[in-house]
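Hi,

Here is the structure I promised to pass on. Have a look at it first, and then read on for what turned up in it.

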Amino acid sequence: MAALPDPSFFLISFTIFLTLSPFTTSKLLSSPSPISSPSPKPSPISSPTPHHSTSPLDPKQLKALQSLNIPTGKDPCTPPLHSTNTITCDTSTPFRHIISLSLTNCSDDISLSLTSLKSLSKLNTLKFINCPIKPIHFPSQLTSNLKSFTCINSLKKLTGVWLSRLHNVTDLTVSHVSVTASGTAIILNSMKNLHSVIMSDVNLTGFMPKHWHGNLSYIDLSVNKLKGKIPSSLTELENLVYLNLSLNELNGSIPESFGDLSSLQNVSLGSNSLSGSIPDSFAAISGLVHLDLGSNQLNGSVPKFISDMRKLKYLNLEKNNFHGVFPFNASFIKKLVVLKVGENSNLCYNHSTLSKKVNLGISPCDKHGLPMSPPPSKEINSDNSDDSEDYADDESVQKQHSHGPSKVVLGIAITLSSIVFLIIFLILLAKCCK
């Protein structure tokens, strides 16, 4: 005969039911305001899918949410329709646990406490968005469990040492916040499982790391004060799909081995002080969709092999020192969504091949392959029309205007003179015959 349940079980269940009654607070977190992400990226960690379960939330975690002024409602793990979905729970029993938490648009009186964070130590995803609160040291169990950490315009006075403690993180996003650190190495070297890193507009100084973890597929270190050369060790990341180092103080040439990054789809190196030519190895990166090398000091000719990149949609080469004939035809230009090549004073285009309607912002070439003067005064405007009937030879038109009447006019004049002369001759011949 089966034993009857212990009566204390019903008492505990009733106590939990009372604990989980609707909690009301006067300061609710508002819905997240739109924030411009540094760049769209493939997250290596998919957001956990909420599961339906009848198990209640761990009372300690419920209390932690209340201390953070997070509205818990009847069931924090099942947010109402049209909710911002800031909480995700697992399906464990007898109590469920929060595994993903996003704090958005925090009120001024919110503060993190060690007690509440210890209760939330099972989190693997933690996000702070528009929460300019003071950070504290995370409990060791929480830092060990965290796989994804996001901080956008949040957590005052972050340091590189503080971030380096998140050693098991695979997805790190820190943006629009000041981080005190001399370079990125102190932060990234300890994160051996890192797949994606965004540290954009965080006031990073110093040099780029010399060593990189091979799992990285997404790197965004834009809008900082990083200096020195792009390390050749970066080109060993065979899984790298996205690289954004724009708006820094990098100098030197682009590594010759850059083409080893054959998986790259997006490269942004613009607004630095890079010099030298575009390495020939770029030809091996056939899957490029976005290439930004603008606002540097690059020189040499524009490589013809760029036109073989069939997936390319965005090309920015403006404000450099490129020279020679722009090598692309109208059909390649037409397929681009964005093309910028202006402010390269020694670069010109073949005006017998490209229509005037495709305003590239550079001069047409003369017969020696040099830019005609004066250079175009209009701003760059890539009009991707491919109207072959409008192609004109500007040089021949100029010669017609500078060397007198055309051959057609001259031929008509000679014909009329011949007719007049013939009439006069026939009249005189008739008089003589009389």
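Start with strand β2 (residues 98–104), helix α3 (residues 114–119) and strand β3, which together make a right-handed β-α-β unit. Going on from there, the chain leaves β3, passes through helix α4 (residues 140–145) and arrives at strand β4, and this β-α-β crossover is right-handed too. Keep in mind that this is a predicted model, and that the values below are computed from it.

The strands themselves are easy to follow. β2 and β3 pair in the parallel sense over five bridges, with S100 standing opposite T125 in β3. On the other side of the list, β3 and β4 (residues 148–152) are also a parallel pair with five bridges, and here T125 stands opposite S148 in β4. So T125 is a handy residue to click on: it has S100 opposite in one pairing and S148 opposite in the other. As for how covered β3 (residues 125–129) is, four of its five residues are buried.

Now the cysteines. How many disulfides does a search of the whole structure find? There are two. As a reminder, a disulfide is a covalent bond between the sulfur atoms of two cysteines.

One of them joins C106 to C131, with 1.8 Å from S to S. The angle about the S-S bond is 70°, and the link of C106 and C131 is right-handed. C106 sits in the loop between β2 and α3, while C131 sits in the loop between β3 and α4, so the bond ties together parts that are 25 residues apart in sequence. In other words, this link belongs to the region you have just been looking at. Both ends are hidden: C106 is buried at 11% relative accessible area, and C131 is buried at 0%.

The other disulfide is between C348 and C365, where S to S is 2.0 Å. This link is right-handed as well, with 100° about the S-S bond. C348 belongs to strand β20 (residues 346–349) and C365 to the loop between β21 (363–364) and α8 (394–402), so the pair links distant parts of the chain, 17 residues apart. Both C348 and C365 are buried.

Why does C151 have no bond to C131, the cysteine with the closest sulfur? The two sulfurs are 8.9 Å apart, which is too far for a bond; the cut-off for a disulfide is within 2.5 Å. C151 is buried too, at 0% relative accessibility.

A few backbone details are worth a look while you have the model open:

- T93 and P94 are joined by a cis peptide bond, with omega about 0°. P94 is in the loop between β1 (87–89) and β2.
- N130 is not a glycine, yet its phi is positive, about 55°. You will find N130 in the loop between β3 and α4, buried with a relative accessible area of 16%.
- K319 also has a positive phi, near 55°, in a residue other than glycine. Its place is the loop between β17 (314–316) and β18 (321–325).

Is K319 buried or partly exposed? K319 is partly exposed, with a relative accessible area of 37%, whereas N130 is buried.

Cheers

Terms used
Residues are numbered from 1 along each chain as its sequence is written. This is a predicted model: local features need pLDDT of at least 70, side-chain atom pairs count only at pLDDT 80 or more; totals for chains, interfaces and linings use all residues. Side-chain values use heavy atoms; hydrogens and water are left out. Buried means under 20% relative accessible area, exposed over 50%, partly exposed in between (1.4 Å probe, protein chains only). Helices (H or I, at least four residues) and strands (E, at least two) are DSSP runs, numbered from the N terminus. Two strands pair if DSSP finds at least two bridges between them. A crossover is right-handed if, with the strands pointing away from the viewer, the path from the first strand over the helix to the second runs clockwise.
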